[in-house]
Every structure is written in structure tokens, then in C-alpha cells.
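Reader: Hi, I have a structure open and I would like to go through it with you. Could you help me make sense of it, one part at a time?

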Amino acid sequence: MARPKKSQPAGLPTREQIMDFITTSDQPAGKREIARAFGLHGAEKIALKALLKDMTDEGMIDSAPGRAFHKMGGVPKVTVLRIVDIDGKDPIAVPERWEAEGKPPPRLRVIERGRRNALGLGDRILARTEEKGNGWLAHPMKKLARSAELLMGVVDKDPEDKLWLRSIDKKERRDIRISDGGDAQPGDLVLAEPSGRPPRISARVTDILGDPFAPKSFSLIAIHKFGIPFEFPDEAEDEAEKVAALPLHPDRREDLRHLPIVAIDPVDARDFDDAVWAAPDEDNPGGFNAIVAIADVSYYVRPSSLLDKQARKRGNSVYFPDRVVPMLPHSLSSDMCSLKAGQDRAALACHLSIDKTGKVKDWRFTRALIRVAANIPYEQAQAAIDAATHGQGHHLEAGGLDLVEAALKPLWACWSLLAKARGKREPLELDLPERRVVLDEEGRILSVAVRERLDAHRLIEDYMIAANVAAAKALEAKKSPIMYRIHEPPSREKLAALKEYLGTFDIEFTLGQVIKPATFNRLLERVGDVAHRPQIMEQILRTQTQAYYGPRNVGHFGLALGSYGHFTSPIRRYADLLVHRALVGSYSLEMPKPKDPSIPPTTTLSREDSEDLGRIGELISQYERRAMEAERETVDRYVAAYLAEKTGEIVDARITGVQNFGFFATVEGLGGDGLVPVSTLGAERFFFDQAGHALEGEESGDRYELGQRLKLRLVEANPISGALRFELLDGVNHLPLERGPRKPGRPRPIKRRGRPANIRHQSNPRGKRK
């Protein structure tokens with residue numbers, strides 16, 4: 001039964017007046033602000049406090065953190081929000097704290113002013129809110145740390161039948177007590193909501209994700225951990241089916257179906273963005289005509305469509321060993337937009353005229369109709385051209401056409417010119433290995449190996465670079481907005497760190513010189529083919545800035561190019577789709593309007609997107625970094641699972657990082673970093689030489705430094721986190737190990753004479769958790 005309302009003292013505002021003030025105030029309205037607004041003093045303030053409590057108990061108002069009031073079921077004037085979606089250009093947020101029973105939290109459209117720090121999915125903000133019309137708006141005041149995100153881990157049970165959450169993050173080394181496990185069982189992979197403050201954090205299970213050891217589950221861990229959208233709404237799938245049936249309009253496209261265009265891709269490729277063709281140019285002695293044909297995704301995915309919103313929400317496809325999370329539904333990414341052999345496909349063709357020096361003299365873009373002659377894996381193309389070069393038999397045919405003579409030989413001949421031009425340009429040459437995980441049909445690991453780098457890879461890479469440069473310059477010629485791929489030169493701070501690091505190898509590096517990509521290439525030439533070359537290459541890579549997307553051109557340092565855009569992969573990168581739309585608009589390549597009124601009529605870059613490229617670039621750059629981290633972590637988990645059966649074995653390893661608590665090492669040829677705790681290095685003090693990236697024993701002089709190769713015993717391989725742990729072999733702690741090229745008589749680095757990095761604890765020799 002409702003409690004009868006108390007009589008109000010004279011001068012005290014009514015419930016309706018208070019409610020009107022709270023809902024119309026442009027500032028948070030607490031008891032003090034309400035009292036000041038109505039001129040209340042003394043006993044009236046006490047009566048106001050009681051009235052506000054009654055209104056709260058009656059469900060009229062609620063209080064937010066900071067004791068400001070708002071209408072029950074509404075949103076506080078200032079509150080913490082979490083970004084849960086991107087609608088067009090605007091982030092959509094929900095209140096992080098929502099306790100209105102029976103009513104879903106409202107979705108607020110976030111209005112960003114200045115847009116210097118674009119918001120992405122999962123971001124938390126402190127925002128000022130307002131109800132406008134039938135919806136809510138949020139104005140960000142401050143971006144907050146992602147401290148309250150859900151935890152992911154595996155449920156474990158201790159001997160006392162208490163449940164604990166084991167983190168899937170290799171950096172997290174402690175278990176968290178589960179206060180509410182719901183229906184979760186030991187061994188389940190779960191999402192959990194943290195509560196409390198360190199060191200007394202507990203977790204409540206919110207979602208059960210399944211068995212983390214089941215085939216093809218490692219990628220699901222990354223998908224959930226990084227919040228990667230992996231399912232499309234039914235409406236988007238329906239739209240994809242509808243646009244896939246659009247006519248190709250052969251009368252409005254350049255017909256290139258008679259050319260032996262081929263697509264050369266990885267053997268495990270899931271989609272085919274690009275195909276290439278080349279032939280000698282009779283009007284350009286010693287030169288070639290070449291075509292880089294790219295899937296015409298802009299014809300199917302149109303501005304402001306649901307497909308476009310979903311593609312922007314993802315930013316790029318994410319590739320895992322067991323699956324691909326596509327930017328577009330499979331009916332487009334794996335079918336109608338994929339350049340499959342023998343199928344008529346819509347393409348945006350980049351025609352290149354290349355002179356005998358390898359310089360691209362001219363280019364033009366057309367909307368075309370192509371029919372790929374063959375989808376050829378890199379290894380097969382390389383084997384065929386090698387056999388032909390050495391006069392051996394080769395068998396690579398399609399439709400009765402000898403592809404080696406008709407397609408591969410002209411492509412390689414033209415590429416020899418592009419390679420010469422690349423050599424003159426001297427881009428950064430870092431030949432770092434890429435791991436490839438091979439699975440069987442049931443998702444079990446067959447092998448983990450380093451991908452072989454072939455001339456066929458370099459050939460396709462150089463054709464793609466030429467087309468990307470042409471796209472950027474073609475848009476610059478039309479003064480069109482451009483989504484550039486930007487790679488800035490290294491910062492002075494990173495160069496100074498590199499100089500200090502190289503000094504430990506007696507390699508000089510001058511900071512005052514003009515830094516170009518060739519500067520690093522010359523450095524590697526001086527290093528030569530020695531044992532520590534890989535770690536120097538890795539250090540040079542760490543010196544580089546991270547590439548990103550944006551409308552302001554500052555060039556691409558690594559490729560030594562003044563103008564560079566991404567044009568060649570619109571199936572899997574949203575930036576390329578924007579470049580396609582800009583080319584369509586700039587060069588009048590629009591197609592007839594579809595008969596279906598539900599499909600947007602235009603395929604060109606919208607004015608709204610043209611003006612908003614800066615913010616879009618920030619968002620898709622964030623999504624690219626998210627994808628890279630997710631892919632890398634997933635491969636680490638597969639490597640750990642592969643090595644789990646080899647626990648206790650001796651492996652060849654190389655030190656990849658040194659800290660005061662130990663050093664990290666990676667298994668040669670496989671990758672996957674593992675820790676050697678300093679507590680296992682010996683019963684002596686070890687000092688951390690930060691400049692030399694090394695740990696050194698005070699008494700023995702044993703030194704463990706970056707790049708050093710040594711044999712280690714694999715102690716633990718955790719597939720859930722991807723973490724490895726190693727230990728030194730018995731009896732080798734004081735044996736001389738392979739070191740960098742230190743000059744005879746050179747004094748050792750000064751030891752840090754503060755607190756020792758370690759005193760070995762014999763009671764806990766392997767750093768096990770207690």
C-alpha cells in the first residue's frame with residue numbers, strides 16, 4: 001500500500017515543481033542546487049531532504065553518483081556512459097549504471113565536438129546528457145579508462161570447492177574469486193563482471209562461452225576479449241543478398257573478359273580482392289601496360305546503407321587460423337565480390353603505363369567487367385615461373401590457355417621494371433618472418449611454421465603499391481578528399497633509444513643525419529648476416545611509428561612515397577572502399593540507379609563522409625590495431641597449444657626481451673614469447689642493465705641479453721592465455737653462452753647498484769603461484 005503523502009511546510013516547493021526543475025536544469029540538480037533555486041533556508045532544507053527521500057521511495061526520482069537527482073527511468077545530467085555501437089558517424093552509448101527494473105537502458109547519441117579523439121566500441125566517457133525530442137543526447141566531457149570491462153577467463157575449482165577465475169590474459173598472473181558462478185562448471189570459458197577493489201576483487205559470471213579447448217575456439221576467445229563484431233543482423237544479410245543480385249551492366253563497363261587476368265593469393269585465402277595482368281606496350285619501347293583489377297565493392301555497398309554502417313562498425317576483416325570475421329557478409333565477401341576464376345565479376349580497374357625504367361608514366365581508372373582466368377597460390381605461381389626460367393616442363397593451364405606464357409611471364413617481366421624502380425626508391429626492407437598455423441578439417445593443429453617469402457609475394461606487393469600510389473595521385477589531381485595511408489618518420493626519442501641500443505653492439509648511429517628508410521637499410525648492411533641480425537631488425541621495427549588512416553597527407557615513410565592510399569582491398573578494408581567511392585565520383589564512373597528504391601542510388605563518396613574523413617580515419621585505425629592484437633594473440637594461443645604436448649622438452653630459443661624480473665624468449669621458427677623468471681637464474685644477485693637490455697650475475701658474470709640464442713626447457717604452455725614458461729637447463733648456469741659481438745677488453749656496463757633485481761628464493765624455485 002502506498003504511503004500517504006506528508007503535508008508540506010509553507011514555502012517548500014511541490015513535487016511537480018521539483019520534478020520540473022530537475023528535468024529542465026542544464027546542470028546536475030542535487031539537494032543544494034534545489035534549495036538554492038527555491039530560496040530555502042534552515043528548517044526548510046531539512047524538510048526538503050525528507051521530501052526528496054519520499055520522492056525517491058515513491059519511484060519519482062533517483063540519485064546518481066555525486067547525489068544529483070534525475071527522473072526515475074531517465075539518465076543523470078552527468079554520468080558515465082559506455083559506447084556500444086556506431087551509427088553512421090555518431091557513437092551510441094548506454095549508461096554504465098542502470099537500475100530501472102523492467103525498463104531497458106536508453107541509447108544516447110554521442111555528439112563529439114572537435115573530434116580530436118574519436119570514440120570506439122567499448123570506450124567509457126563521462127558525459128553531460130540531455131533529453132531532446134524522443135531521444136537522448138550525450139556530450140562527452142572526458143574519456144575514461146576501460147577499468148570496468150568484463151573479465152574473461154576459465155572457471156577453476158580449488159580443493160575447498162570454491163570457484164576461481166583464471167584469466168586468459170598472459171599478463172594477468174593472479175586468479176580472482178568467483179562470488180556467483182551461475183551455471184558455469186569448472187573448465188568453462190566465461191565472461192564475468194568484476195566487483196570490489198584490489199586486493200579483494202571478486203567476479204560474477206555473466207556469460208558462459210563454452211569449452212575453450214574445443215576445436216576452433218581460440219579465435220572466439222579473441223573475438224569476445226576485443227569486442228569484435230562477428231555476427232551480422234538479419235537485415236544486413238538480407239540487404240547483402242539483395243544487392244548481390246544487382247545487374248553488372250556490361251554496356252556501362254569496360255569489357256576486359258578477353259584478357260588472361262589472374263589472381264595470385266595465399267593458398268589459404270578466403271576472399272580474392274585483386275587480379276593482375278601485364279603485356280608489352282608497343283607504343284612505349286621496353287615498357288609495359290598493366291592492369292590491377294580490384295573487386296568493385298562500392299557498387300554493392302553504398303553510402304548510408306545498412307551494409308555500409310556494418311562495414312564501418314568493423315573497419316576491416318579479421319583473419320584467424322580457423323576462421324575469418326569478415327567486414328561484409330559472406331554472400332558478398334566470399335561470393336559476389338570475390339574474384340573467382342571463370343566468373344564474371346564487377347571490378348574497378350587501374351590501368352598503368354610503365355616505362356622501361358619502371359616509372360609509372362600514366363594511369364586511368366575504369367569500371368570494368370572481368371573474368372579471372374585462374375586463382376593461383378603463390379607457391380604454385382613461383383614454381384611454374386621457376387620451371388619455365390630453367391627450361392623445365394611446367395603445367396599451369398586454364399580453359400586451354402597456357403597461363404605461364406600468356407600471364408605469368410609478362411607479369412614477371414613487367415615486375416622486373418617495377419622492382420628496379422623500387423630499388424631506386426629504397427623503401428624500408430625488414431624481412432621479418434610471419435607465422436602460419438595449419439589446421440585439419442576438425443580444427444586440430446597440424447603444424448606451426450614460418451611462411452616462406454617468395455618473389456611471387458614481392459611481385460603482387462609491387463603491383464598493389466603502384467595501384468595505391470596511382471589512386472592517391474589520381475584523387476589529388478581532382479582535388480578530391482582522400483583517405484591516405486600515413487606512416488610518419490620515427491620520433492627523435494625512438495631514434496635516441498635505437499642509438500643507445502646499437503651502442504651495446506658497438507654499432508654507431510648518428511642522430512644528426514637526415515633519416516630516410518635507406519638509413520636503416522644501410523645499417524642492416526653494416527650489421528651483415530650475423531646471429532644478432534634478427535633482434536636488430538626487430539628493434540628497428542619498434543623504432544618506426546604506427547601507420548594510420550587520415551585525410552592529411554604526410555607521406556609514407558616506410559615505403560618512401562609522398563602520396564599513398566589504400567585502394568586494393570575493399571572487401572576487407574573500409575579505407576579502400578572510401579577511396580573507391582572517391583574515384584567513382586571524381587572520374588564520373590557512377591552506374592545507373594537501381595530499380596529497387598530501398599537500395600541507395602549513389603556509389604560515390606557522400607559529402608558528409610568527405611567532411612568527416614578525419615574522424616572515420618581515427619576509428620578505422622583503432623579497429624585495425626584491434627584486429628592486429630586479436631590475430632597475434634590467437635596465433636600465440638595456437639602455438640602454446642601446439643607446444644603443450646612438448647612440455648619438458650628442450651627447445652632452441654632466442655631472448656626477445658629483458659626486464660628486471662626475468663627475460664622473455666621465443667622458440668626459434670615458431671614464435672610465442674615465454675618468461676624465464678629471474679628467480680630461476682641462479683642463487684646470486686642479478687642486476688638489470690637497462691641500456692644493454694641484459695641481466696648480469698654479480699658474482700659469476702653470467703649475462704643474458706637481448707638476441708642471445710640458448711637452449712631452454714619448456715616448463716609450461718598455456719593455450720588459454722598463450723603464455724609459455726621456460727627454465728635454464730641444469731648445470732649450464734655458469735657456462736659461457738652465445739653473446740653479441742663485444743670487443744675484447746671493453747668494460748661491462750655499469751650495474752644498477754640499488755636493490756638487486758633478484759635474490760633466488762629456493763622455496764619457490766619456479767615462480768609458482770602460492
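Reader: Let me start with two helices: how are α9 and α10 oriented to each other?

Author: Please keep in mind that this is a predicted model. Helix α9, residues 378–389, and helix α10, residues 403–425, pack at an angle of about 90 degrees, and since angles from 65 to 115 degrees count as roughly perpendicular, the two helices are therefore roughly perpendicular to each other. Their axes lie 11 Å apart.

Reader: Which residues make that contact?

Author: From α9 the contact takes A381, Q382, A384, I385 and A388, while α10 contributes V404, L408, K409 and W412. Sorted by type, the residues of this contact are 7 nonpolar, 1 polar and 1 charged.

Reader: And what does L408 touch?

Author: Leaving out residues up to four places away in sequence, L408 touches I264, I376, A381, A384, I385, L396 and L403. L408 is also among the residues with the most contacts inside the largest nonpolar core, together with Y300, L332, Y463 and F567. That core has 104 residues, and its largest share, 12 residues, comes from helix α11, which spans residues 455–477.

Reader: Which residues does the second core include?

Author: The second core is separate and has 39 residues, including L189, V448, V635 and F726.

Reader: F726 sits in β36, so I'd like to look there: which way do the residues of β36 point?

Author: A723, R725 and E727 point one way from the strand, whereas L724, F726 and L728 point the other way. In a regular strand the side chains alternate between the two faces of the sheet. With 6 of the 6 residues of β36 buried, the strand is largely enclosed by the rest of the structure.

Reader: What stands opposite R725 on the β35 side?

Author: Opposite R725 stands E716, and β35 and β36 pair in the antiparallel sense over 6 bridges. The two strands form a hairpin with 4 residues between them, in which G722 takes a positive phi near 80 degrees. Strand β31 also joins β36, through 2 bridges and running parallel, and there L675 stands opposite R725.

Reader: What do these strands build together?

Author: They belong to a closed barrel of 5 strands, which runs β29-β30-β31-β36-β35 with mixed pairing. On average, neighbouring strands of this sheet are turned by 50 degrees against each other, direction ignored. Between β29 and β35, which run antiparallel, there are 5 bridges, and V651 has L712 in β35 as its bridge partner. Helix α17, residues 613–644, packs on the sheet and touches β30, β31, β35 and β36, its direction making about 95 degrees with that of β35.

Reader: Changing topic, is A293 buried or exposed?

Author: A293 has a relative accessible area of 0%, so it is buried. A293 lies in strand β17, residues 288–295, and beyond its neighbours within four places in sequence, A293 is in contact with D273, D274, A275, L339, A347, L348, A349 and I370.

Reader: One last pair: how do the axes of α7 and α15 cross?

Author: The axes of α7, residues 306–314, and α15, residues 574–586, cross at roughly 135 degrees and come within 9 Å, which makes α7 oblique to α15. D308, A311 and R312 of α7 meet Y574, L577 and R581 of α15, a contact that divides into 3 nonpolar, no polar and 3 charged residues.

Notes. Residues numbered from 1 in each chain as written. Predicted model: local features only at pLDDT ≥ 70, side-chain atom pairs only at ≥ 80, totals over all residues. Heavy atoms only, no water. Axes fitted to C-alpha atoms, helices over the stretch in contact; angles between N-to-C directions. Parallel < 35°, antiparallel > 145°, perpendicular 65-115°, else oblique. Contact = heavy atoms within 4.5 Å. Nonpolar A, V, L, I, M, F, W, Y, C, P; charged D, E, K, R; others polar. Pairing = 2+ DSSP bridges. Buried < 20%, exposed > 50% of the residue type's maximum accessible area, 1.4 Å probe, protein only. Core = buried A, V, L, I, M, F, W, Y, C linked by side-chain atoms within 4.5 Å.
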